[in-house]
Amino acid sequence: AVPARSAAGRTVDLRSDTVTQPGPAMRRAMAEAEVGDDVFGEDPTVNKLQKLGADLFGMEAALFVPSGSMSNLIAVMVHCRERGAEIIVGDQSHLHIYEQGSSAQCAGVHSTTVTNLPDGTFDLEEVEAKIRHGYPDAHYPSSRLICVENTHNIQGGRILPLSFLRELRLMADRYGLAVHMDGARLMNAAVALGVQPADILQYCDTVSVCLSKGLGAPVGTLLGGPREFVQRAVRARKALGGGMRQSGILAAAGIIALTDMVSRLEEDHRNAKTFAQALLQSDPPLYQVEMSHVETNILRFRLCDPRLTPEEFCERMAAVGSREAGALGQEVRVLMFPHVGRSVRAVWHLGISREDTQLAIQKLHYVTRQCVEDSQRA
C-alpha cells in the first residue's frame, strides 16, 4: 500500500476499513467485466460472484446486494414474514445500533436485545429467557430469528468462538428459530482462526458478508443461505430498491476481493497487534489495551489519564503542529475515531502498510510526550 499524502505530509487513515480503494487489478477487472441485466438474472459476472460466494460459504445460494445494512434488513424480512415477529439481537450489535432500526422501520419486525459480552457473544441462558415461550398467546410477539455478529465491531473485532456458535445452533434448533450472522468481517474471523468460512457458517442459516471493507471492493455485500431463502431475498431486494442492472462492473470487484484479497487480511491483524503493543510500551503508561482481545484488524483502547478525552486524543493525532516535522522528520496525520466507553477505535486495512503503522507509532509517541509536557506545565 502507498501511504496517503496530503498538503500536510503523510496521512494514516485508521478510521475504518471502509476507506479502502480498489487497486489496479480490481479496476481492470471492473473495466473489462462482461455484463447483462441482473434484474433479469442475466449478468454473467454477478452470477459468477454469487456462485463463488455460495461455494465459499457452504450454502446453496447467494445474492449480490448494494450494502451490508440492506443485506441484514433483507435477511430479517425473509426470516420474519408475518407481522408480530421478533428477532433476538445483541445490544451492542451493528444491526441494532447502526442500521437506523430498519427492522422495525421498514420490515415491521420487533427486536429484543441480549447483553453482548466483551468477546461479542452473549449468555445463552439470557437468550433462552428472551424467547417468547408464551406465544401464540395474543399478548406476545413470535420469536423467529437470532442474529449474531462476527467479527464484532463495537467489541473491537472479536471473533465468536465456534463452541459458542455450536451451542447457539443447538438452542435455536430446540425452539425452531433461525440464526443469521452479520458477517461483515467474516473473512477476518476465518483468517484469524485458520479455518474456511464454511466451517464457521455451518452453525448459521444465513449470512451477510461485506466485500467493501478489508477486502477492498468499492461496494457490495453477499447474502448467503438456502435456495428458497435467496429466491425470497431477490423480491425483498427489489422492494428496497436494490435491484441493479449491469452490476457485473461491481461484481467483478467482488470476485477479486474473494479470490485475491482474503489471505492478505493477516497483514492487517499483524499491524493492529504491533500498534497495540506500542500502546502498552508507552512511557509513561497513558493507554490501556488488553492484548488478548486484539484478534483481528480492529483495535479498541482506553486512555488512563482522565484529563485526556478520546476526542482530544484523536484531535492531537490528526493535527500537525509547528514542531512536529522537526521531531518526526515529516508531518504525520493519524486519523482515528473516539468510541464507546471512553475508548478510541483504530482499524487496519489494505491501505495501511507496515511502514504506515510505524509512522502511526511515531506519532503516538510524539503525542504522548506532548500530553506529558502539557500536564507538567498545568
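## What counts as a salt bridge

A salt bridge is a side-chain nitrogen of Lys or Arg lying within 4 Å of a carboxyl oxygen of Asp or Glu. Keep that in mind as we explore this structure, which is a predicted model.

With that definition, we can look at a small group of residues: Arg169, Asp173 and Asp205 are linked in a network of salt bridges. A search of the whole structure finds 17 salt bridges, and we will visit a few of them here.

## Inside the network

Let's start with one pair from this network. The side chains of Arg169 and Asp205 meet in a salt bridge, with 2.9 Å from N to O. Arg169 belongs to helix 7 (residues 162–175), while Asp205 sits in the loop between helix 9 (197–201) and strand 8, so this pair ties together parts that are 36 residues apart in sequence.

Are these two partners buried or exposed? Arg169 has a relative accessible area of 11%, so it counts as buried. Asp205 has a relative accessible area of 27%, so it counts as partly exposed.

## Two more salt bridges

Asp13 pairs with Arg15, and their closest N and O atoms are 2.6 Å apart. Asp13 is buried, with a relative accessible area of 14%. Its partner Arg15 is partly exposed, at 31%.

Further along the chain, Arg307 forms a salt bridge with Asp305, and here the closest N and O atoms are 3.1 Å apart. Arg307 has a relative accessibility of 57%, and since exposed means over 50%, Arg307 counts as exposed. Asp305 is on the other side of the scale: its relative accessible area is 18%, and buried means under 20%, so Asp305 counts as buried.

## The largest pocket

Now turn to the open space in the model. The largest pocket holds about 400 Å³ of space. Which residues lie nearest its centre? They are Thr18, His94, Asn153, Arg185 and Lys213, from a lining of 31 residues.

Several elements of the fold contribute to this lining. Helix 3 (68–79), strand 8 (206–210) and strand 13 (337–339) each supply at least two of its residues. You have met strand 8 already, as one end of the loop that holds Asp205.

What kinds of residues make up the lining of the largest pocket? It divides into nine nonpolar, 16 polar and six charged residues. Try finding the five residues nearest the centre in the structure above: Thr18, His94, Asn153, Arg185 and Lys213.

Key
Residues numbered from 1 in each chain as written. Predicted model: local features only at pLDDT ≥ 70, side-chain atom pairs only at ≥ 80, totals over all residues. Heavy atoms only, no water. 1 Å grid on protein atoms, 1.4 Å probe; cavity = no way out; pocket = protein on both sides within 12 Å on 5 of 7 lines; lining within 4 Å. Points joined across faces, edges and corners; volume = space filled by probe spheres on them. Helix = DSSP H or I, 4+ residues; strand = E, 2+ residues; numbered from the N terminus. Nonpolar A, V, L, I, M, F, W, Y, C, P; charged D, E, K, R; others polar. Buried < 20%, exposed > 50% of the residue type's maximum accessible area, 1.4 Å probe, protein only.
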